[in-house]
Structure formats: C-alpha cells, structure tokens
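Me: Please take a close look at one part of this model, the disulfide-bearing stretch toward the end of the chain, and then set it against the remaining features. I would like one connected account.

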Amino acid sequence: MFIQTIVVLSCALVGLVSPVVADTWGPAYSLGPTTGAVIGTTTTFIPGNPPANAETGLFLWIGISNATSGLIQSGVDQLADNSYCGATANQWCLSASYFGVGGQKDGPYIAVNGNTEIGIAYSLSGNTWTQKVTVAGKVVSTLQSQDGPLLHGGWGTGTECQQNCRGTTSVQQYLNSVIQLSEPDMNFPNTLGKGPGVVATPMETSDGGKTWTIASITLPVYTAPPGNGN
Ligand SMILES: *[C@@H]1O[C@H](CO)[C@@H](O)[C@H](O)[C@H]1NC(C)=O
C-alpha cells in the first residue's frame with residue numbers, strides 16, 4: 001500500500017474521477033460521503049486464494065476515510081516474496097494497516113489461507129481509531145490512529161494492484177458488514193458506487209439510517225490491464 005492509496009480511495013468515495021496513477025484498481029463497492037460522520041464498522045472478509053504466481057504486489061482491504069483523513073485499511077497483501085509474514089506462496093499476509101501523515105503503518109502480520117474468515121472491526125473512542133483483526137475469535141493484529149469521527153466520510157473495498165501485479169484469481173467476499181454513522185442518513189444508499197461485476201445484497205437499516213448492514217458483497221476476479229509492469 002503506497003502513497004496513491006489515499007488519493008484514489010478518497011476520490012472514489014466522493015465520486016470523483018480517479019487521478020492517473022501507476023497502479024490499477026479492481027472493481028469496488030464504495031459508499032460516501034455521508035452527511036454526518038463514519039464512526040465504526042465491522043465486517044467478515046474472505047479474500048479467496050491468492051494468485052499462484054505471486055507478483056509485487058496485490059493489496060485487498062476494507063477502507064474508511066474522508067477526503068482529508070488518513071485511510072484505515074486492514075486487509076491482506078501478496079508480494080512476490082511473502083516470507084515477511086511467514087506465508088507460503090499460496091497464502092496471504094494479513095494485518096491492520098493505516099496510511100496517513102507519516103506514511104504507511106502496519107500492525108503485526110500473520111499468514112492466512114484464502115478461505116480464512118477474517119474479522120475486521122474499526123472503532124472510535126475520542127479521536128482514536130482502533131483496528132482489530134481477528135481469526136476464529138482471536139485477535140491477530142491491531143493498530144491505532146488519530147483521525148477522529150470521519151466527517152463526510154465513506155466506506156469502500158480496495159483491490160489495489162501495484163507494479164507487476166496481474167490482478168486477482170478468486171472472488172472476494174465481505175459478509176455481514178455493519179457501518180455505524182454519527183447521525184441518520186437515509187440517503188447513504190444513494191451514494192453507493194459498484195464497479196462492474198460487483199454483486200451485493202441491499203443495504204438495510206433498522207434504526208432509521210444510523211446503522212447500515214450489508215449481508216453480502218462479492219467482488220469479481222480482477223484482471224489487471226497490460227502495461228502495469230506485468
Ligand atoms: C474529516 O474528519 C475530520 C475529523 O473529524 C475533520 O476534522 C475533517 O474536517 C473531515 N474532512 C472533511 C473533508 O470533511
């Protein structure tokens with residue numbers, strides 16, 4: 001995850017055209033901006049099997065940010081050499097992660113298989129965000145950052161393909177996603193952007209638009225266009 005991440009996600013979240021960058025992006029599911037603030041989220045992420053021929057690099061994450069904040073982005077990574085997290089060639093490296101002032105920061109890494117159900121929770125206390133990544137109920141990575149309530153913020157998936165990345169070879173799933181807002185926003189579903197091939201259940205709220213749930217989001221296999229160093 002490099003410097004372009006925050007620029008592109010922020011632009012995607014506010015519905016602007018992405019700037020021209022060296023990396024490419026798979027189809028995304030993205031929401032925002034909301035009228036109040038994004039103040040929390042939980043989801044279960046199943047990344048699918050990583051590409052058999054690892055290249056540097058592929059980054060799959062669930063992100064929250066606003067146009068001026070850092071980007072909270074727990075997820076899985078695959079580089080040409082995944083030994084930095086102890087992964088074999090057919091595993092991912094999983095961690096909490098944040099990109100903001102001071103660059104990229106990562107929580108502890110662990111290796112996971114593609115069919116792992118990864119719990120991801122971002123919670124806010126005062127101005128401090130805590131990322132908590134769990135596998136089978138056990139906390140495997142955490143990270144804190146200081147952006148406060150993400151006013152006019154958004155929520156979105158990232159399929160980020162850098163340098164020699166050729167894309168993904170499996171679908172990705174996000175199950176039982178919950179997004180907490182600081183104030184009701186019944187217009188939030190109208191901010192939804194869905195890339196080609198993205199399939200999702202309808203957004204639902206049972207408290208008048210403050211808490212939104214999405215039972216299932218499936219992102220398609222993404223093939224990077226040629227010319228991306230691949
Ligand atoms: C993003 O959220 C922070 C923290 O609440 C706030 O200070 C900032 O103004 C927000 N940015 C935008 C563009 O709304």
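**A disulfide and the loop beside it**

Reply: In this predicted model, Cys161 and Cys165 are joined by a disulfide, with their sulfur atoms 1.9 Å apart. The torsion about the S-S bond is -85 degrees, and the link of Cys161 and Cys165 is left-handed. Both partners lie under the 20% limit for a buried residue: Cys161 is buried because its relative accessible area is 0%, and Cys165 counts as buried because its relative accessibility is 2%.

Two residues of the loop between E15 and E16 have more to tell about this part of the chain. One is Gln163, placed in the loop between E15 and E16, which has a positive phi of about 55 degrees although it is not a glycine. As background, most residues other than glycine have a negative phi. Gln163 counts as partly exposed, because its relative accessibility is 44% and the partly exposed class runs between 20% and 50%.

The other is Arg166, whose side chain meets that of Glu55 in a salt bridge, at 2.8 Å from N to O. This pair links distant parts of the chain, 111 residues apart, with Arg166 in the loop between strand E15 (154-161) and strand E16 (172-181) and Glu55 in the loop between strand E3 (37-46) and strand E4 (58-65). The structure holds 1 salt bridge. Arg166 itself is partly exposed, because its relative accessible area is 44%.

Following the chain into strand E16, one comes to Asn176, which lies in that strand and has a phi near 50 degrees, a positive value in a residue other than glycine. Asn176 counts as exposed, because 53% relative accessibility is over the 50% limit.

The loop between E3 and E4, which holds Glu55, is also the place of Gly57, and a cis peptide bond with omega of about -10 degrees joins Thr56 and Gly57. Another cis peptide bond runs from Gly32 to Pro33, with omega near 0 degrees, and Pro33 is found in the loop between strand E2 (29-31) and E3. For context, most peptide bonds are trans.

The count of disulfides comes to 2, and Cys85 and Cys93 also form one, with their sulfur atoms 2.1 Å apart. The torsion about the S-S bond of Cys85 and Cys93 is about -80 degrees, so this disulfide is left-handed. Cys85 and Cys93 are both buried. With bonded cysteines counted along the chain, the disulfides follow the pattern 1-2, 3-4.

Finally, there is the ligand, whose surrounding residues are Asn66, Thr68, Asp147, Pro149, Leu150, Leu151 and His152. By class, this shell comprises 3 nonpolar, 3 polar and 1 charged residues. Oxygen atoms of the ligand take part in several polar approaches: a backbone N or O atom of Pro149 lies 2.4 Å from one, a polar backbone atom of Leu151 is 3.2 Å from one, and an N or O atom in the side chain of His152 is 3.2 Å from one. Of the 360 Å² of accessible area that the ligand has on its own, the protein covers 62%.

Notes: Residues are numbered from 1 along each chain as its sequence is written. This is a predicted model: local features need pLDDT of at least 70, side-chain atom pairs count only at pLDDT 80 or more; totals for chains, interfaces and linings use all residues. Side-chain values use heavy atoms; hydrogens and water are left out. A salt bridge is a side-chain nitrogen of Lys or Arg within 4 Å of a carboxyl oxygen of Asp or Glu. Helices (H or I, at least four residues) and strands (E, at least two) are DSSP runs, numbered from the N terminus. Buried means under 20% relative accessible area, exposed over 50%, partly exposed in between (1.4 Å probe, protein chains only). A residue is near a molecule or strand if one of its heavy atoms lies within 4 Å of it. A polar contact is a pair of N or O atoms within 3.5 Å; within protein, one must be able to donate a hydrogen and the other to accept it, and residues adjacent in sequence count only if both atoms are side-chain atoms. Accessible areas come from the Shrake-Rupley method with a 1.4 Å probe; for residues, only the protein chains shown count as cover. Ala, Val, Leu, Ile, Met, Phe, Trp, Tyr, Cys and Pro count as nonpolar, Asp, Glu, Lys and Arg as charged, and the others, Gly among them, as polar. A disulfide is a pair of cysteine sulfur atoms within 2.5 Å.
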